[in-house]
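Here are a few worked exercises to try with the model open. Have a go at each task before you read its solution.

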Amino acid sequence: MDFRLLQTFVMAATSENFHQTAEMLFIAQPTVSQHIRQLERSLGIPLFERVGKRVRLTQAGRRFLPHAKRLLEDWNSGLEDLRAWRQGYTEKLQIVVSPMIARTSLAHLIHRYTRLHPDVDIAIRIEESVEIGAYVQNGDADLGLSRMMPGELQVEAHVLSRDPIVFAVPHNGGDMDAPLPDWEQELTTQTLLTHNHPGYWDELLLQLRQRDYSLRTMVVSQVDITKRFIEEGLGVSFVPRSAITREVFENRFMELETPGLILPTVASYLILPKARLSNTAKQFVEVLTSLYAPLLKVDE
């Protein structure tokens with residue numbers, strides 16, 4: 001079987017247009033038609049019928065499509081496994097990670113793990129924390145690193161670290177010995193960038209409004225964009241301290257104390273399946289335990 005024919009068939013079935021299929025596969029349109037004819041001859045049945053300038057699957061084409069997709073997936077999986085083997089990898093670890101953890105602590109974890117286990121092929125998927133539990137539960141990842149609890153899913157969640165929320169404002173560029181700005185004035189005169197973390201904003205906003213602060217808010221759902229907006233003078237925000245450590249050190253942000261305000265603490269979580277862990281996942285948990293003990297307690 002020429003797997004190029006299957007690839008062309010699946011793409012054409014998706015687009016229902018041979019011209020678009022040719023553009024997506026970077027081949028000539030007559031080549032697309034040739035591939036489809038070859039596949040139809042091989043199967044002994046038409047797979048497409050023309051409808052004006054477009055094409056659509058015949059009943060046989062619709063029936064064959066899921067089989068073609070599985071064949072392609074198995075083929076690509078085999079190629080990927082062979083590639084990993086040729087590079088010296090003997091095992092694989094699939095991790096799903098929240099964007100914030102990926103940008104802060106993940107590199108250190110991967111450095112530590114790969115030094116100890118250089119024969120493991122690591123695949124990292126970046127997803128929002130709300131999605132991570134489902135990936136682990138469904139077996140699409142060996143483990144997850146998340147900024148929130150996974151809810152009612154059939155997975156285990158273990159606290160890795162706790163992170164205080166702090167009030168971040170842009171650096172004023174003034175004298176280092178000058179007094180810090182008044183946090184209440186910054187809060188009430190600047191735009192408050194909200195909901196960049198899934199865990200604490202509703203309660204924090206309620207607390208602020210109960211104190212009768214006049215707030216102008218803007219929802220910015222990602223911490224990275226929030227940080228960029230703060231740096232550009234577009235607002236201020238309450239963010240996990242670990243997210244702005246570098247910016248504070250480089251005098252791009254200031255962290256202001258908020259007397260009288262009760263700020264929450266958020267956590268990072270290791271998400272594991274209920275089923276037995278793979279060998280590579282156990283090894284990764286060992287690395288995490290060495291870095292985050294005594295918070296992290298995982299039963300073998």
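**Exercise 1.** Is Phe-284 buried or exposed?

Solution. Phe-284 has a relative accessibility of 0%, so it counts as buried (under 20% relative accessible area; exposed is over 50%, partly exposed in between, with a 1.4 Å probe and protein chains only). This is a predicted model, where local features need pLDDT of at least 70, side-chain atom pairs count only at pLDDT 80 or more, and totals for chains, interfaces and linings use all residues. Residues are numbered from 1 along each chain as its sequence is written, and side-chain values use heavy atoms, with hydrogens and water left out.

**Exercise 2.** Work out where Ser-98 sits and what its side chain reaches.

Solution. Start with the location: Ser-98 is in the loop between strand 3 (91-97) and helix 5 (99-104) (DSSP runs numbered from the N terminus: helices are H or I, at least four residues; strands are E, at least two). Next, accessibility: at 2%, Ser-98 is buried. Finally, its side chain gets to the backbone nitrogen of Ile-101 at 3.3 Å.

**Exercise 3.** Now do the job for Asp-182: which loop holds it, and is it buried or partly exposed?

Solution. Asp-182 lies in the loop between strand 6 (155-170) and helix 8 (183-189). Its relative accessibility is 40%, so Asp-182 is partly exposed. The Asp-182 side chain reaches the backbone nitrogen of Gln-185 at 2.8 Å. Then look across the chain: Leu-256 is 74 residues from Asp-182 in sequence, with 8.1 Å between their C-alphas.

Note on methods:
A polar contact is a pair of N or O atoms within 3.5 Å; within protein, one must be able to donate a hydrogen and the other to accept it, and residues adjacent in sequence count only if both atoms are side-chain atoms.
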